[in-house]
Structure formats: C-alpha cells, structure tokens
Protein chains: 2
Amino acid sequence: MAKINDNGTLREANCSEELMAMRDSLDVLGGKWKLIILRFLTNRTHQVINFKKMQREIDGISAKMLSKELKELENNLLVSRTTQQTKPITVVYAITEYGKSVLPVTETLVNWGLHHREKIIEAIKK
Amino acid sequence: MAKINDNGTLREANCSEELMAMRDSLDVLGGKWKLIILRFLTNRTHQVINFKKMQREIDGISAKMLSKELKELENNLLVSRTTQQTKPITVVYAITEYGKSVLPVTETLVNWGLHHREKIIEAIKK
DNA sequence: CATAGTAGTTTCTTATTGGTAAGTGGTAAC
DNA sequence: GTTACCACTTACCAATAAGAAACTACTATG
C-alpha cells in the first residue's frame, strides 16, 4: 500500500533522497556544539559577541572546540567573523542571514527537548 | 536592547534553558544514524520492516550500528520491536506514537539539507 | 615587572564512534 | 550435508571527537 507521488513514482523512490538530504544537514550541523553555537548566536543578535563571551556563556565548551567549530561554521557561511582593531584586539562573531535559515531546526529541537523532559518526568512520577 | 519576557525577566535568563533543552534532544537523537533510522521508519509506516530490510535499504549502515542504535531508540520508546514466531524468526521494527513526535525535527533537517544543496550548487556555478 | 584580559593554538591524552569480519543459533531449501 | 537466510553478537581495530592544560602574542593597568 505504497503511496503514489504526483508523477506516478512510488514514494519509496524518493526516500533515499530524503535520507541523503538529512545526511547533508547532519554533516554540516552535526556534532556536539554546532547547533548550540548557532542557537546561542541567534538568541543574541542584538548583542556584540566575542570569543571569550561565548566561552564563558556556553556551558562546558573549551577554547579548542569553540575555535574549531566556529571555523567550520564560518566556512559554511553560517557565522561571520569580524576582527576589530580595538586596544586589545577583539573579534566579533555573528550569525549570518544564511545561518538564520537554521532557526527552524534549532526551534524544533528545543521544543522536542522540552517535550521530552516532560515525558521523562511524567514517566518517573508513575 | 535585551528583550523582556512576559514575567519581566530578561530573555537571556532563559537562553541557557533553551540550550539545555537542545542538549537533551541531541543526547537522545544525536549521532550518525538515529535520525536517519527514525525518518526511514516514519516513511515506511505502511510496510513491515525487519532487521535485514533496514540494513539493505539504509545505505552504509552495518549490522552492529543498526543493532546498537535500534536498542537505544527502543529504550527511549521511539521505536518498537516485535518478535514474530515465524519459520525463520523475524523481528518487526516500527516507529511508535512517541517516535512520530520527532517528525518535525527530521522534516526541518530534510528541508534544510535540500536548501543547502541548492545553495552549494549555486555557489559552484558562479 | 607582575597581573589580567583578549584570541586563540598546540600538545597530550582519553573516550567515543564506527567499521570489518567472523561467529552463533536456528530454520529450511536443494 | 552444504548452502542460504534471518537476527544478531562479539572481537578487534582505526579514526574521530573531545577535554585539560599549557603556551603564544599583544595590550593595558597598577
């Protein structure tokens, strides 16, 4: 009882494409910190965020990881990096317009996480 | 220019909760295969899916990984496992009702992946 | 001239992930 | 009685991810 697409092909024929698209997403956004960093920067678009500030406010991240993840996000045009010639040199990180396109992903993950926590608490009560 | 919540607290005060919720999600759904498996099973709710079928149709997954990931998904009540006393024993895997709550997550990831691929192709053309 | 702050990098080490390949135990066909 | 299929499991190994701590280089303050 396979569903049929508009063009007459079986829906299954497209499933691998869906899975491939998801793998593409996970290649770029996967790992322990990338989505956390993107969400953090999305929440702070109205603030000036530099390296130390992120390291202090994202719980548990090390300088090495932050540096590495920011580089990769920058390479994928999701985050911008701007060096400012201030007295002690500062570097401002911000989410790009393209980076904002990831918002629906972090949004669903935040919602699911909250939902899941409730489910767990409920399960413990019983 | 921090935004103010209904209760008068700064929006930032809630950000770490958001990040924690996301971490909860990533703990349960993170890794190379879990979301792929959930998406696969969501796409095949109308079919009977057993172990070998999944291994054949999810490109690149090994028996070890599939076994391990299915166990973890089962422990989190996202996937059901039903042994059938057929001639050669078969085991049917299916997504649970709770597992279906992950659909918005995989949906946004599929969409973003397709979007991203277009962006990459566009970038290469130029 | 010691301390502290910015922005990382480097080194070393451990933990986790993931892959290959072989093995187990059962049924059934040829 | 050998091959094949199902559903895994186990052992072994390599690669990657991740963390801790120290270090570089520069500026500024006391």
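**Two chains around an axis, and a DNA strand**

Let me begin at the rotation axis that relates the two chains, where, of the residues of chain A, Val105(A) comes closest, with its C-alpha at 3.2 Å from that axis. I should say straight away that what we have here is a predicted model, and that every value I give has been computed from it.

As a reminder for anyone new to this, two copies of a chain are related by a rotation about an axis and a shift along it. In our case, chain A is superposed on chain B by a rotation of 180 degrees, with 0.0 Å of shift along the axis and an RMSD of 0.0 Å. That is the relation of a two-fold axis.

From the axis I turn to the contact between the chains, in which 33 residues of chain A meet 33 residues of chain B. Which helix gives the largest share of the side of chain A that touches chain B? That share belongs to helix 6 of chain A, which contributes 12 residues. Helix 6 (103–125) is one of the elements of chain A that supply at least two residues each to this side, and helix 1 (12–29) and helix 2 (34–43) are the others named with it. Sorted by class, the side of chain A that touches chain B holds 17 nonpolar, 10 polar and 6 charged residues. Since 100% of the interface residues of chain A are interface residues in chain B as well, the copies meet through the same surface.

Helix 2 of chain A deserves another look, because it is mostly covered, with 9 of its 10 residues buried. Among the buried residues of this helix are Leu35(A), Ile36(A), Ile37(A) and Phe40(A), and the charged-looking names Lys34(A) and Arg39(A) are on that list too.

Next comes DNA strand C, which is surrounded by 19 residues, the closest being Asn50(A), Thr90(A), Val91(A), Lys32(B) and Lys87(B). The elements that give two or more residues to the surface near this strand are helix 3 (51–57), helix 4 (63–75) and strand 3 (90–95) of chain A, together with helix 4 (63–75) of chain B. By class, the residues of that surface divide into 8 nonpolar, 6 polar and 5 charged.

I will finish in chain B, where strand 2 (residues 79–84) and strand 3 (residues 90–95) pair in the antiparallel sense over 6 bridges. These two strands of chain B form a hairpin with 5 residues between them, and within the pairing Thr82(B) has Val92(B), in strand 3 of chain B, as its bridge partner.

Technical notes
Residues are numbered from 1 along each chain as its sequence is written. Chains are lettered from A and ligands numbered from 1 in the order in which they are written. This is a predicted model: local features need pLDDT of at least 70, side-chain atom pairs count only at pLDDT 80 or more; totals for chains, interfaces and linings use all residues. A residue is near a molecule or strand if its C-beta atom, placed from the backbone, lies within 6 Å of it. Helices (H or I, at least four residues) and strands (E, at least two) are DSSP runs, numbered from the N terminus. Two residues are in contact if their C-beta atoms, placed from the backbone, lie within 7 Å. A residue is buried if 20 or more other C-beta atoms lie within 10 Å of its own, exposed if 12 or fewer, and partly exposed in between; C-beta atoms are placed from the backbone. Two strands pair if DSSP finds at least two bridges between them. Copies are superposed by least squares on the C-alpha atoms of residues with pLDDT of at least 70 in both.
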